[in-house]
Amino acid sequence: MDSDDRSHINKRTVISTRPSAPGDVDTAREHGILLLDFPAYYYRWITPSDFISDSVLSEPLPDAWVFTSRRGVEGWWRIWKMLAGSDKKTENSPDKPQKELLTPPKKVRKRSLVIPPVYVVGERTRQAFVDLFPEAEIRMAEEHNGLKLGLRMVSDDVGSVIHFCSVDRRSELREICRKFQIEITEVEVYRTTAVKDPQPVDMPVDAILFFSPNGVSEFKRLYGFPEGDWKPIAIGPTTAEAVERVTGRVPYVAQSPTFQEMLTLV
């Protein structure tokens with residue numbers, strides 16, 4: 001039997017419950033994994049009004065930008081790069097980022113493109129910001145959740161923040177800001193949309209990757225769970241709790257909330 005045949009036999013089949021990001025399929029293939037997308041939901045970008053965009057970038061600037069998801073980073077990047085302007089043609093997508101600091105055209109020179117300190121909820125969100133934006137000061141809490149991130153901002157004596165977020169978002173960060181009188185402006189840059197006409201999982205799988213608590217229950221509603229001894233893998237402890245509650249199986253939990261780390265657990 002040649003090496004290609006052995007590779008085919010040993011290949012594991014893994015379901016991703018989010019739409020694969022660029023490079024995910026290739027990364028999985030390098031690990032001998034066949035990655036299949038069965039998303040719990042899709043994402044749709046939202047373009048804030050000119051008034052909102054101007055208020056984010058005009059004086060006085062906020063003390064910080066806040067991101068609690070990778071999609072929030074990508075959604076604001078779409079807007080920020082258009083406001084910044086560029087001599088180069090770029091796709092209206094964060095999938096092919098331009099790392100250089102861009103020079104704004106005359107019509108937006110009154111806006112400030114200075115990036116204040118950036119607070120991110122975890123490593124996955126931090127990496128998304130590093131991949132897309134010019135260099136900036138990035139801060140995280142030791143525990144990767146909105147509550148601890150808010151408390152980190154309190155300890156840093158932050159007075160005002162812009163939170164780039166989803167239409168459907170958790171309330172912990174907002175509640176902490178209001179409790180400690182941090183002025184928070186929530187700028188919606190994406191929303192989740194339902195999957196239409198889902199097809200059932202009709203093949204054996206080795207593992208299922210879960211990226212959010214809501215994604216667990218929504219995956220079950222859309223597709224059901226396949227039969228067999230598949231392993232659930234959660235991106236973090238909050239998602240792990242939902243996985244165990246909904247599936248009845250104890251998941252593996254990634255040591256760091258990254259796709260790469262999840263693959264190492266397969």
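This is a short walk through one predicted model, from the whole chain down to two single residues.

Let's begin with the overall numbers. The chain holds 10 helices and 11 strands. It has 266 residues, and buried ones make up 45% of them. Now the contacts. Take those with a separation of 6 or more; residues 24 or more positions apart account for 58% of them.

Next, the sheets. One is an open sheet of six strands, and its pairing is mixed. Read across, the order is β3-β8-β7-β4-β5-β6. Which strands sit at the edges? They are β3, residues 42-45, and β6, residues 138-139, and each pairs on one side only.

Helix α4 packs on this sheet. Its contacts there are with β3, β4, β7 and β8. The direction of α4 makes about 100 degrees with that of β8. Helix α6, residues 146-155, lies across β4, β5, β6 and β7. Against β5, α6 runs at about 150 degrees.

Stay with α4 for a moment. This helix covers residues 70-84, so look there on the screen; 14 of its 15 residues are buried, so the rest of the structure largely encloses it. From first C-alpha to last, α4 reaches 21 Å. That is close to the 21 Å expected at 1.5 Å a residue.

That brings us to the nonpolar cores. As general background, nonpolar side chains in soluble globular proteins tend to be buried together. Here, the largest nonpolar core has 24 residues. Which of them have the most contacts inside it? Trp65, Phe67, Trp76, Trp80, Phe133 and Phe164. Several elements each supply at least two residues of this core. The helices are α3 (50-57), α4 and α5 (123-132). The strands are β4 (64-67), β5 (118-120), β7 (160-166) and β8 (183-193). The largest share, seven residues, comes from α4. There is also a second, separate core, with 16 residues. Among them are Ile15, Phe210, Val216 and Phe219.

Back to the six-stranded sheet, and to β7. Is this strand mostly covered or mostly open? Mostly covered: seven of its seven residues are buried. On one partner, β4, the link is four bridges, and the two strands run parallel. Within β7, Ile162 stands opposite Trp65. With β8 there are seven bridges, again running parallel. How are β7 and β8 connected? Together with helix α7, residues 172-179, they make a right-handed β-α-β unit.

Two residues in this region deserve a closer look. Start with Ser160. It is placed in strand β7. Its bridge partner in β8 is Glu183. Why is Ser160 classed as buried? Its relative accessible area is 15%, and buried means under 20%. What does Ser160 touch, leaving out residues up to four places away in sequence? The list is Pro62, Asp63, Ala64, Ile182 and Glu183.

Now Phe180. This one lies in the loop between α7 and β8. Phe180 is partly exposed, at a relative accessible area of 38%. Setting aside its neighbours within four places in sequence, Phe180 is in contact with Leu151 and Val154. Both numbers fall inside the range of α6, residues 146-155. There is a distance to note as well. Phe180 and Gly150 are 30 residues apart along the chain, and their C-alpha atoms are separated by 9.4 Å.

Last, the other sheet. Five strands form it, also open, and the pairing is parallel. The order is β2-β1-β9-β10-β11. At the edges stand β2 (33-37) and β11 (252-253). Each has a single partner strand, so one side of each is left without a neighbour in the sheet.

Inside this sheet, look at β9, residues 207-210, and β10, residues 231-234. Four bridges join them, and they run parallel. One pair to find on screen is Leu209 with its bridge partner in β10, Ile233. Helix α9, residues 237-247, lies across β9, β10 and β11. Its direction runs at about 150 degrees to β10.

To recap. The model is predicted. It has a mixed sheet of six strands and a parallel sheet of five. Helix α4 gives the largest share of the largest core. That's the tour.

How values were computed:
Residues numbered from 1 in each chain as written. Predicted model: local features only at pLDDT ≥ 70, side-chain atom pairs only at ≥ 80, totals over all residues. Heavy atoms only, no water. Expected span 1.5 Å × (residues − 1). Buried < 20%, exposed > 50% of the residue type's maximum accessible area, 1.4 Å probe, protein only. Core = buried A, V, L, I, M, F, W, Y, C linked by side-chain atoms within 4.5 Å. Pairing = 2+ DSSP bridges. Right-handed = clockwise from strand over helix to strand, strands pointing away. Contact = heavy atoms within 4.5 Å. Axes fitted to C-alpha atoms, helices over the stretch in contact; angles between N-to-C directions.
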